[in-house]
Amino acid sequence: MRTVGISPDSTTAIVLAAKAPGDPATATSFDDFIARSFGYALLDLATGFAKLQLTPVDPGPFVYAPDGSRAYVALDGGDAVTATRALQVVTTQTGVVQTLPLGSPPSGVGIVPGAGQAFVAQRHPLGRMSFIALVTGAVRTVTGFDLNSQIVDH
């Protein structure tokens, strides 16, 4: 285990697993395959039930919605054009995961409670952020000029 984050409503936790050395494709058992894979678990704190989510790359930063209903997990496969660049949205009550592709590798995630938005900062030469509406899941991405056009010098 690498890290644990508990939801704001204390009902679930995200547990980032430490990957065992070796390629999962050469595993000789199911347990060995899981141990050699990247992933995380959504843990129900009342029952102890854990829903495992395997990922193509090492899961990165994550954050919970203020009400604990969703978690947002960044997947950064590096800077190569073909690398995984995604945000996984986990519905904590059901364990259902939606993977949202990103245009650039994610560098951080957070919540803007007053705006009802999650955000993903991304590595991009001009700067890039994606905003995800907490209620609808609608995604809006702004890059470079869009970001800078909102800067006001007082």
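This passage describes the overall make-up of a predicted protein model, one of its sheets and two of its buried residues.

In this predicted model, local features are reported only at pLDDT of at least 70 and side-chain atom pairs only at pLDDT 80 or more, whereas totals for chains, interfaces and linings use all residues. Residues are numbered from 1 along each chain as its sequence is written, and side-chain values use heavy atoms, with hydrogens and water left out.

The protein contains two helices and twelve strands, where helices (H or I, at least four residues) and strands (E, at least two) are DSSP runs numbered from the N terminus. Read from that terminus, the elements follow the order β-β-α-β-β-β-β-β-β-β-β-β-β-α. Along the principal axes, the C-alpha atoms of the protein fill a box of roughly 60 × 40 × 25 Å. Of the 154 residues, 36% are buried, that is, under 20% relative accessible area with a 1.4 Å probe and protein chains only. The exposed surface of the protein amounts to about 8,600 Å², of which carbon and sulfur atoms supply 59%, the areas being computed by the Shrake-Rupley method with a 1.4 Å probe. Among contacts (heavy atoms within 4.5 Å) between residues at least 6 apart in sequence, 31% join residues at least 24 apart.

Four strands form an open, antiparallel sheet in the order E1-E2-E3-E4, two strands being taken as paired if DSSP finds at least two bridges between them. Strand E1 (3–6) and E4 are the edge strands, each pairing on one side only, and the twist from one strand to the next averages 20°, with axes fitted as lines to C-alpha atoms and angles running from 0 to 180 degrees between N-to-C directions. E1 and strand E2 (residues 12–16) run antiparallel and are joined by four bridges; within this pairing, glycine 5 has isoleucine 14 in E2 as its bridge partner.

Edge strand E4 (residues 50–55) includes threonine 55, which counts as buried because its relative accessibility is 8%. A polar atom of the threonine 55 side chain lies 2.6 Å from the backbone oxygen of valine 57. Leaving aside residues up to four places away in sequence, threonine 55 touches Phe38, Gly39, Tyr40, Leu75 and Gln88.

Arginine 128 is located in strand E11 (residues 128–133) and, at 17% relative accessibility, also counts as buried. Its side chain is joined to that of serine 104 by a polar contact of 2.7 Å, a term denoting a pair of N or O atoms within 3.5 Å, of which, within protein, one must be able to donate a hydrogen and the other to accept it, residues adjacent in sequence counting only if both atoms are side-chain atoms.

How values were computed: Buried < 20%, exposed > 50% of the residue type's maximum accessible area, 1.4 Å probe, protein only.
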